[in-house]
Amino acid sequence: MAAATATLSPPRATPPTYHRIVSTTLAVPTDPLQPVPVGLLACQRDPLLNELATTAVSCRESQSPTVPSNAREGKKKKAAQAPSAPLVEVILHDTIIFPEGGGQPSDVGILTSVDGELWDVVEAKRHGGHAVHYVRLKPEQSVDQALKVFSPGALVGVSLGEEGSKRRLDHASMHTSQHLLSAVLEHKLDIPTLAWSITSHPSPGYVEIPRGLSAEEIAFVQEECNKLVFEGRSVHVEVEELDAESHAYTGPSVGIPQDYTGGVKRTVVIDGIDRNPCCGTHAPTLHNLQLFVLPHTETLSRSTASSVRLYFLSGPRLLAHLTSSHTLLTATAGIMSCGAPSVPERVQQVVDERKKATKRVEDLEAELAASVATELAATAPKGSEGIVLHKHRTDDNTNALGFLSSITTAFSAKVKEGVPFLLVLSSSPSAQTGTSTTVVLIFGSDDKKVKVVGDEMKAKLNVKGGGKGSRWSGKFTGVWKETKEGEAVARILDSLQF
Ligand SMILES: [Zn+2]
């Protein structure tokens, strides 16, 4: 376990060459009462930093009980906390909790106030050029307490925590891999990336491209990407002031958002491969970011454009995918009593056999229904009353009513012209319990009599049902005994005046 973890661990510390301010006039603000703009945040300067001591700049109660757009609080958290628990919005001088942006989802983390209290950051968002931390109060925490401990200048500890660190590693692996994949597609196959998403763990991320790729092309792209991974190409960020023309920046990235007011232009560089405007928290090297591209493209149908998605996995998400795929395959192989490579063949065999078996059951049922109907139609009519009888079956058919119905259809064809009849057909499963269902079907030549018998079944046997014309069907819940329920049906039929 330790060895497996070690091979996927990122470097322990971000190299000092990762974050490069390439402008002589740009510096990270140091005034503890001013927020560092998004683009120069600690998480963007050092993506491997797990803890930071900083100061509060502002705090206010959120106007809405939920974080704007999709709050990323897990279901477990939602269940554990009252949905009405207030949110407070905290702006800090600096932060290692990445605010959602540029296609990369928000981090989660923990703030520690000077009194030792821990506060859950459930989401961070960029407002203009500032990172806003959304803190969900615990039942014992109050807004007043938050306003006090996050007053301007108050010391605050920021950490990603265990959950936040895992999430960060996943986002960094997937985001850097997306840059790599887009760059290889562009340089090697001249295919631009139209859109992309790293989605959320454990789903694969994707890049959207203008055409489908053959299996050979996908294998080629994957191999080219992984050559660069094995080389362990370094990743660094270049930062300078944002000028007007930078807004026109285009490329595989989403570009710089129109509402961004941080004043910083950030370019993520994969050594010798790619330069891309991006605000994300990238792995400082491709080393160990092994990239797996799902070996098919998925066509998207849109009225305006045609594009396909190419899905990919890397880092912790690749491991999760391998684990779940292996578990599913092993479980299926166990059920099929075969080795994993034989699973598709064995499943196909079972599906084919099942189709044949279903067809045979249908044929036999049709034959049986005709045979039962012949037997019923041969019953001697009781004078002018015609054929009046109850036939009960024990049958584990999942569509018992359908089978009873086919008996009545066959009966119609076989009964002698002009002979009046009233049939009550019922069908119970072989092992009955208090919740078992017995299906009842009444079929007669006189619609009124069918309805009278149906009403009696409701009243005396508590059968729930209804009908129209010559057929009435219903369900009886519980154990159907011929000595009790069967007798009751016989009495209903006897007592009626036909
Ligand atoms: Zn990016």
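The protein chain contains eleven helices and 19 strands. The model described here is predicted. This briefing covers the overall dimensions of the chain, its burial and contacts, and the packing of one pair of helices, α7 and α8.

**Overall dimensions**

- The protein chain has a radius of gyration of 35 Å, whereas a compact globule of 498 residues would have one near 23 Å.
- The C-alpha trace of the protein chain spans about 110 × 60 × 50 Å along its principal axes.

**Burial and contacts**

- Of the 498 residues in the protein chain, 35% are buried.
- Among contacts in the protein chain with a separation of 6 or more, 71% are accounted for by residues 24 or more positions apart.

**Packing of helices α7 and α8**

- Helix α7 comprises residues 315-336 and helix α8 comprises residues 343-377.
- The two helices, α7 and α8, pack at an angle of about 50°, and their axes are 10 Å apart.
- An angle that is neither under 35 degrees, nor over 145, nor from 65 to 115 counts as oblique, and α7 and α8 are therefore oblique to each other.
- The crossing in which α7 passes α8 is left-handed.
- On the side of α7, the contact is made by Leu329, Thr332, Ala333 and Met336; on the side of α8, it is made by Val343, Arg346 and Val347.
- The residues of this contact between α7 and α8 comprise five nonpolar, one polar and one charged.

Key
Residues are numbered from 1 along each chain as its sequence is written. This is a predicted model: local features need pLDDT of at least 70, side-chain atom pairs count only at pLDDT 80 or more; totals for chains, interfaces and linings use all residues. Axes are lines fitted to C-alpha atoms, for helices over the stretch in contact, and angles run from 0 to 180 degrees between N-to-C directions. Helices (H or I, at least four residues) and strands (E, at least two) are DSSP runs, numbered from the N terminus. A crossing is left-handed if the near helix is turned anticlockwise from the far one by less than a right angle, and right-handed if clockwise. Two residues are in contact if their C-beta atoms, placed from the backbone, lie within 7 Å. Ala, Val, Leu, Ile, Met, Phe, Trp, Tyr, Cys and Pro count as nonpolar, Asp, Glu, Lys and Arg as charged, and the others, Gly among them, as polar. The radius of gyration is taken over C-alpha atoms; the globule rule is 2.2 Å times the number of residues to the power 0.38. A residue is buried if 20 or more other C-beta atoms lie within 10 Å of its own, exposed if 12 or fewer, and partly exposed in between; C-beta atoms are placed from the backbone.
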